[in-house]
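Morning, everyone. I have one structure to walk you through today. Please look at the screen while I talk.

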Amino acid sequence: MSREIKFRAWNKDKGSMHYEGTRVLEVDGFNYMQWTGIKDSNNKDVWEGDIAEVVILNEFGSQRVELGKIEYQNERAAFILRSLSNPDLMTRIESVNNGRPNFKVIGNIYENTDLLKQTKC
């Protein structure tokens, strides 16, 4: 089974995001991020470095909104969502984005640095 592999790159000097599809250039001044292979609840590609909003329901039916950062974790060999309010909390993004309308990308760590300062909505 094959899967599409795509990359995007943040140009540090120009402050802009570049989407190059499957072509990757080894150039200084860029931070490369890989596509996770999934889409959020709005059918938007989810990339390493994205910031996502997740609605979490507890066993009593109440809910809260949590922000998390998408990153690749070598130990799990998987993309994870790391909580911004508690960086020790993380989960594989496949377990949060299983077709439910509670997972959406709201920005990324380069273009939306203000979101990194928010811990909860």
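Of the 121 residues in the protein chain, 36% are buried. Keep in mind that this is a predicted model.

Now the layout. The protein chain has 2 helices and 9 strands. Read it from the N terminus and the order is β-β-β-β-β-β-β-β-α-β-α. How do the contacts spread along the sequence? Take contacts between residues at least 6 apart in sequence: 44% of them join residues at least 24 apart.

Next, the largest pocket. Its volume is about 170 Å³. How many residues line the largest pocket? The lining has 13 residues. Find Ile-56, Glu-66, Ser-83, Leu-89 and Thr-91 on your screen, because by the pocket definition they belong to the lining. Those five lie nearest the centre of the pocket.

Which strands supply the lining? Four strands each give at least two residues: S5 (50-57), S6 (63-73), S7 (78-83) and S8 (90-92). Strand S6 gives the largest share, with 4 residues. And the chemistry of the lining? It divides into 7 nonpolar, 3 polar and 3 charged residues.

On to the aromatic rings. A search of the whole structure turns up 3 aromatic pairs. One of them joins Tyr-72 and Phe-79. Their ring centres are 5.2 Å apart, and the planes meet at 75°. That pair counts as edge-to-face, because the angle is over 60 degrees.

Are these two partners buried or exposed? They fall into separate classes. Phe-79 has a relative accessible area of 7%, so it is under the 20% limit and counts as buried. Tyr-72 has 36%, which puts it between 20% and 50%, so it is partly exposed.

There is another ring to look at. Lys-6 lies over the face of Trp-35. The distance from the ring centre is 4.3 Å.

Last stop: Asn-102. Where does Asn-102 lie? Look in the loop between helix H1 (93-96) and strand S9 (103-108). Why does this loop residue count as buried? Its relative accessibility is 12%, and buried means under 20%. What does Asn-102 touch? Leave out residues up to four places away in sequence, and its contacts are Ser-41, Glu-53, Val-54, Val-55 and Val-96. Glu-53, Val-54 and Val-55 sit within the range of strand S5 (50-57), and S5 is one of the strands that supply the pocket lining.

That's my tour. Questions, please.

Key
Residues are numbered from 1 along each chain as its sequence is written. This is a predicted model: local features need pLDDT of at least 70, side-chain atom pairs count only at pLDDT 80 or more; totals for chains, interfaces and linings use all residues. Side-chain values use heavy atoms; hydrogens and water are left out. On a 1 Å grid over the protein atoms alone, a cavity is a set of points where a 1.4 Å probe fits but cannot get out, and a pocket is an open set with protein on both sides within 12 Å along at least five of seven lines; lining residues have an atom within 4 Å of a point. Grid points are joined across faces, edges and corners, and a volume is the space filled by probe spheres set on the points. Ala, Val, Leu, Ile, Met, Phe, Trp, Tyr, Cys and Pro count as nonpolar, Asp, Glu, Lys and Arg as charged, and the others, Gly among them, as polar. Rings of Phe, Tyr and Trp (its six-membered ring) pair if their centres lie within 6.5 Å; planes under 30 degrees apart count as stacked, over 60 as edge-to-face and the rest as tilted. Buried means under 20% relative accessible area, exposed over 50%, partly exposed in between (1.4 Å probe, protein chains only). A charge sits over a ring if NZ of Lys or CZ of Arg is within 6 Å of the ring centre and within 35 degrees of the ring normal. Contact means heavy atoms within 4.5 Å.
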